[in-house]
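This report describes one protein chain and its ligand for a reader who has not met them before. The sequence and the structure come next, and the text then goes from one residue outward to the whole chain.

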Amino acid sequence: MTLSLEIRDLHVNVAGKEILKGVNLQVKPGEIHALMGPNGSGKSTLSYALMGHPDYEITHGDILLDGESLLPLSTDERARRGLFLAMQYPVAVPGVTLYSFLHAATSAARGYEARSPQQQGRLNAHLIPMREFRQEVNEKLALLEMNPTFLRRYLNDGFSGGEKKRAEILQMALLQPRYAVLDETDSGLDIDALRIVSGGVNTLHRELSMGLLIITHYRRILDYIQPQVVHVFYEGRIVRSGDASLVDMLEEQGYAWVKDWES
Ligand SMILES: Nc1ncnc2c1ncn2[C@@H]1O[C@H](COP(=O)(O)OP(=O)(O)OP(=O)(O)O)[C@@H](O)[C@H]1O
Ligand SMILES: [Mg+2]
C-alpha cells in the first residue's frame, strides 16, 4: 500500500453538468503541491469532491487515502481518516462560538469518547476535557499570532476575510490532518498575515509530515510555502505539471498558453 492521497481519473458533475473531467493527482506525506488555474476551472469543485460534499456527484474515478477509497465515507469519516479542507469561502455559523466549534470538531475528529467509567454519562464526556483543550488552543493561537478574544465570537460571523482564513488554519492546527487542501487561503490576507499564516502552515507541515495541496492564483504564498510540484488546472483537468518555474511562467503569460498545450 502506498501512503498518499490519490485522485484517479476523477469525473464530477455539479447540478447535472460535468465540471471535473478526469483529474489524476497523487500527494504523498510531506509533499507540497500547488494547483493553479483560471476562475471557474473547477479547483474548488475538486476540493469539495475530496471532502464528500453531497452536491458534487462523482460519476467516475476514485479517491484513495492511503489505499482506501474515500467514496463510501461521509465527510466526518474522511476528516477522521486525516483529510482536511480549508475552504475558499468559510461559512458563518451565528450562535456557535469559534471555541465551541473547535472543541466539538477536534473532539469528534479524534474519535473522543469518555475514557473512564466515571466520565461516562457525564455531561460533555464526548469532548476533550476543557483544561486540556484550552491549553492546546492557546498554543495554536500563539503559533498563528491570533488574539484569544476571537474564540468567544460566533464562527466566521462578521469575521473579516483574513480573519476567516486564519480561523481555518487554526482549525487545521488542532485537527492535525495528514493531508490538507488549502483553497485560496492566501486570498484576503494582508502581507503580515500571509507571512504569519504561511509560517504556521510550514511548522505544521514539518511537525506532521503533512501532504499539502495549495490552491492559489498567486505566487506570493508559494514563495513562503514552497511546492515541489505545480499543476496547471484548466477546464476540469490538470493539463500540465512541473516545478516551481511554472509559476513564473503563469505570472508572466497568464493562461492564454494553455489552449496551445491542450492541442
Ligand atoms: N453548487 C454549484 N452549482 C452550480 N454550479 C456550480 C456549483 N459549484 C460549482 N459550480 C460551477 O462549476 C464551475 C467550477 O467552479 P469552481 O468553484 O470549482 O471553480 P474554481 O476553479 O474554484 O474558480 P475560482 O478560481 O474562481 O475559485 C463553475 O462554472 C461554477 O459556476
Ligand atoms: Mg475556487
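## Ile169 and the nonpolar core

Leaving aside residues up to four places away in sequence, Ile169 touches Ala86, Leu144, Thr185, Val197, Gly200 and Val201. The model is predicted. Ile169 is also listed, with Ala49, Ala180 and Ile214, as having the most contacts inside the largest nonpolar core, which has 60 residues. Helix H5 (residues 161–175) supplies the largest share of this core, 6 residues. In soluble globular proteins, nonpolar side chains tend to be buried together.

## Helix H5

How many of the 15 residues of H5 are buried? The count is 12, so H5 is largely enclosed by the rest of the structure. The buried residues include Ile169, Leu170, Met172 and Leu174, and among them are also Glu163, Lys164, Lys165, Arg166 and Glu168. They pack against strand E6 (83–86), helix H3 (98–109), H4, strand E9 (179–183) and H6.

The end C-alpha atoms of H5 are 22 Å apart; this agrees with the 21 Å that 15 residues should span at 1.5 Å a residue. After H5 comes Gln176, with a positive phi near 50°.

## Helix H4

Helix H4 (residues 130–143) is one of the elements that the buried residues of H5 pack against. H4 itself is hardly covered, with 1 buried residue among its 14. From its first C-alpha to its last, H4 reaches 20 Å, close to the 20 Å expected at 1.5 Å a residue. H4 is followed by Glu145, whose phi is positive and near 50°.

## Ser198 and Asp223

Ser198 is placed in helix H6, which spans residues 191–208. Is Ser198 buried or exposed? Ser198 counts as buried because 22 C-beta neighbours lie inside 10 Å, and the cut-off for a buried residue is 20 or more. Not counting residues up to four places away in sequence, Ser198 touches Ile221, Tyr224 and Ile225. Ser198 and Arg134 are 64 residues apart in sequence, and their C-alpha atoms are 23 Å apart in space.

Asp223 belongs to helix H7 (residues 220–224). It is partly exposed, with 13 other C-beta atoms within 10 Å. Between Asp223 and Ser160 there are 24 Å in space, C-alpha to C-alpha, and the two are 63 residues apart in sequence.

## Two loop residues with positive phi

Most residues other than glycine have a negative phi. Ala15 is not a glycine, yet its phi is positive, about 50°. Ser209, also not a glycine, has a positive phi of about 50°. The table gives the place and the exposure of these residues.

| Residue | Loop between | C-beta atoms within 10 Å | Class |
|---|---|---|---|
| Ala15 | strand E1 (5–14) and strand E2 (17–27) | 8 neighbours | exposed |
| Ser209 | helix H6 (191–208) and strand E10 (211–215) | 13 others | partly exposed |

Ala15 counts as exposed because it has 8 C-beta neighbours inside 10 Å, where the cut-off is 12 or fewer. Ser209, with 13 other C-beta atoms within 10 Å, is therefore partly exposed.

## The surroundings of ligand 1

Which residues are the closest to ligand 1? They are Asn39, Gly40, Lys43, Ser44 and Thr45, out of 13 residues that surround this ligand. Helix H1 (residues 43–51) gives the largest share of the shell, 3 residues. By type, the shell around ligand 1 divides into 8 polar, 3 nonpolar and 2 charged residues.

## The whole chain

The secondary structure of the protein chain comes to 9 helices and 12 strands. Of its 263 residues, 35% count as buried. Among contacts with a separation of 6 or more, 71% are between residues 24 or more positions apart.

Along the principal axes, the C-alpha atoms of the protein chain fill a box of roughly 65 × 40 × 35 Å. The radius of gyration is 19 Å, which agrees with the value near 18 Å for a compact globule of 263 residues.

Key. Residues are numbered from 1 along each chain as its sequence is written. Chains are lettered from A and ligands numbered from 1 in the order in which they are written. This is a predicted model: local features need pLDDT of at least 70, side-chain atom pairs count only at pLDDT 80 or more; totals for chains, interfaces and linings use all residues. A residue is near a molecule or strand if its C-beta atom, placed from the backbone, lies within 6 Å of it. Helices (H or I, at least four residues) and strands (E, at least two) are DSSP runs, numbered from the N terminus. Ala, Val, Leu, Ile, Met, Phe, Trp, Tyr, Cys and Pro count as nonpolar, Asp, Glu, Lys and Arg as charged, and the others, Gly among them, as polar. The expected span of a helix is 1.5 Å times one less than its number of residues. A nonpolar core is a set of buried Ala, Val, Leu, Ile, Met, Phe, Trp, Tyr and Cys residues joined through C-beta atoms within 7 Å. Two residues are in contact if their C-beta atoms, placed from the backbone, lie within 7 Å. The radius of gyration is taken over C-alpha atoms; the globule rule is 2.2 Å times the number of residues to the power 0.38.
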